[in-house]
Amino acid sequence: MQTSTEYRRPYRPLLVSIFNAAGRAARRLGFGGPLDVDRMVAAARRKTGLSDFGDEWFREPLDVLVRSMNAEARLTPLGARIQRVRIVSALCTRLRVERLLREKPEILDIRLGKIILIAGLQRTATTLLHRLIAADPGIRSLKSWEALNPLPLPGERTGDPRGRIGRAKLAVGTIRFLAPEFLAIHPIDHDAPEEDVLLLDLSFMSQSAEAAMHVPSYSAWLEGQDHTRCYEYLRTMLKILHWQRPAAGWVLKTPHHMEHLDVIRDVFPGVCVVQTHRDPKRSVPSFWSMVAHGRGIFSDHVDPEEIGTHWMRKTRRLIERSMAVRRSAGDGGFVDVSYYDVLGDPLAELRRIYRAAGIGFTAEAEAAAEAVSRLSPAGRHGRHVYSAAHFGFDDARIDDDCDAYRHEYRIPDETAMPDGGPPGTRDEKR
């Protein structure tokens, strides 16, 4: 079983240890200073040969994020290198988006069709549900290779994204090399549906940073901001992806959306919001374990107790904000789905969701969903075992923090089920 002590000693392949040792030596000699926004912006302009970002409103969140990373995240040399590459890549994408929209302004007139948006807490079958719906030939999702490179690469022929797919395969292999246990918690495949929070990262306003790093000042700042502009940019990115590969509708998914359902309903009128629910005593510590493994990729300093405290507070915020929006909405547009029902009869839940969204559940959609179910065996990336105690919590404390949520949605006590829950729940990867 994973222990708190083991979380504090992240796995390090020998080559990574050598790279980090060399990087620390270079830092002592005055080389390789902190991340610098101006230098990263200049690097993106050099790399693309472009200079116009359009409205540079994204600079403020980027500045806050980088200051927090430099002051608080305690990144290893490799961790800092990876984050620099990610930021420069996002800036390159923004430059190329600005040029594309100048050349093809008609993209902004594209209609995205019906949108199903999955906004449940982490580890509540959101990934499984996302993949089942995305299998429908008529519904579009963000693919992993598109999340890394949303625009065609220079020289890429229309309809031939092999270069982007190849890069995505390399990225998955890199994660497997750096943190093999991470894939046992959150499976990643180069061609699978991916969370659209990665498109929100292009605006430097998402929960990704606080999941991957210790950046409390950025997290606090982010919670005080209006997120309308980053969701409007998400809408623009979806239109660009739709322009490349059209479909009748979309399925989106990330827990981040729970915090901003009011903004989402304004930016995407008519969206059908699906909220998945599971006993927080099981789902919440599972996510903490995922965060601990993820942070270990970028830093040698992983504090399980801090992760538990931060993300329990964050979970309460997600719950409270989503419940407040739903109580004030006064109309439909929401579907509640039980984790246990998804595992027990996924097709019945899909029919219910499609009906609420006003989408026909065709024979092709049903066959595709059944195929995904057969091709997603539990445990193919390894077992995931976790405990709230490793993060300074126990079941009673989690129950107290989530009491109103459990009563609102009549969520069962998973620990009272036979053998502690449905088959596979202690080792689940959904």
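This passage describes a five-stranded sheet, the helices around it and three buried residues.

The structure is a predicted model, in which local features need pLDDT of at least 70, side-chain atom pairs count only at pLDDT 80 or more, and totals for chains, interfaces and linings use all residues. Residues are numbered from 1 along each chain as its sequence is written, and side-chain values use heavy atoms, with hydrogens and water left out.

Helices (H or I, at least four residues) and strands (E, at least two) are DSSP runs, numbered from the N terminus. Two strands pair if DSSP finds at least two bridges between them. By these terms, 5 strands form an open sheet. Their order is β2-β3-β1-β4-β5, and the pairing is parallel. β2 and β5 (334–338) stand at the edges. Each has a single partner strand, so one side of each is left without a neighbour in the sheet.

Helix α6 (residues 126–134) packs on this sheet. Contact here means heavy atoms within 4.5 Å. α6 touches β1, β2, β3 and β4 (272–277). The direction of α6 makes about 170 degrees with that of β3. Axes are lines fitted to C-alpha atoms, for helices over the stretch in contact, and angles run from 0 to 180 degrees between N-to-C directions. A further helix, α18 (residues 346–357), lies across β1, β2, β4 and β5. α18 runs at about 175 degrees to β5.

Strand β3 covers residues 249–253. On one side, β3 is joined to β1 (residues 114–118) by 5 bridges, and the two strands run parallel. Ile118 has Lys253 as its bridge partner in β3. Strand β2 (residues 139–140) also pairs with β3 in the parallel sense, over 2 bridges. There, the bridge partner of Arg140 is Trp250.

Burial was assessed by relative accessible area: buried means under 20%, exposed over 50%, and partly exposed in between (1.4 Å probe, protein chains only). In β3, 5 of 5 residues are buried. Both faces of the strand are covered. Gly249, Val251 and Lys253 lie on one side, with Trp250 and Leu252 on the other. Helix α6 is mostly covered too, with 9 of its 9 residues buried. Among them are Thr126, His130, Arg131 and Ala134.

Helix α3 (residues 37–48) has 12 residues. The expected span of a helix is 1.5 Å times one less than its number of residues. For α3 this gives 16 Å, and the end C-alpha atoms are 17 Å apart, which agrees. The buried residues of α3 are Val37, Met40, Val41, Ala43 and Ala44. They cover an arc of only 160 degrees around the axis, which puts them on the same side of α3. The arc is that of the directions from the helix axis to the C-beta atoms. What covers these residues includes α4 (59–72) and α5 (77–103). The face turned away from the buried side carries the exposed residues Asp38, Arg39 and Arg46. At the start of α3, a side-chain oxygen of Asp36 reaches to within 3.1 Å of the backbone nitrogen of Asp38. Just after the helix, Gly49 takes a positive phi of about 75 degrees.

Three single residues were also examined. Leu100 sits in helix α5. Leu100 is buried, with a relative accessible area of 10%. Beyond its neighbours within four places in sequence, Leu100 contacts Ile107, Leu151, Ile240 and Trp243. Leu151 is 51 residues away along the chain, yet the C-alpha atoms of Leu100 and Leu151 are separated by 9.1 Å.

Gln122 is placed in the loop between β1 and α6. Its relative accessible area is 10%, so Gln122 is buried. Not counting residues up to four places away in sequence, Gln122 touches Gln207, Pro255, Ser283, Phe287, Trp311 and Leu318.

Lys314 belongs to helix α16 (residues 304–329). Lys314 is buried, with a relative accessible area of 1%. Its side chain makes a polar contact with the side chain of Glu210 (3.5 Å). A polar contact is a pair of N or O atoms within 3.5 Å; within protein, one must be able to donate a hydrogen and the other to accept it, and residues adjacent in sequence count only if both atoms are side-chain atoms. Leaving aside neighbours within four places in sequence, Lys314 is in contact with Gln207, Glu210, Glu223 and Glu259.
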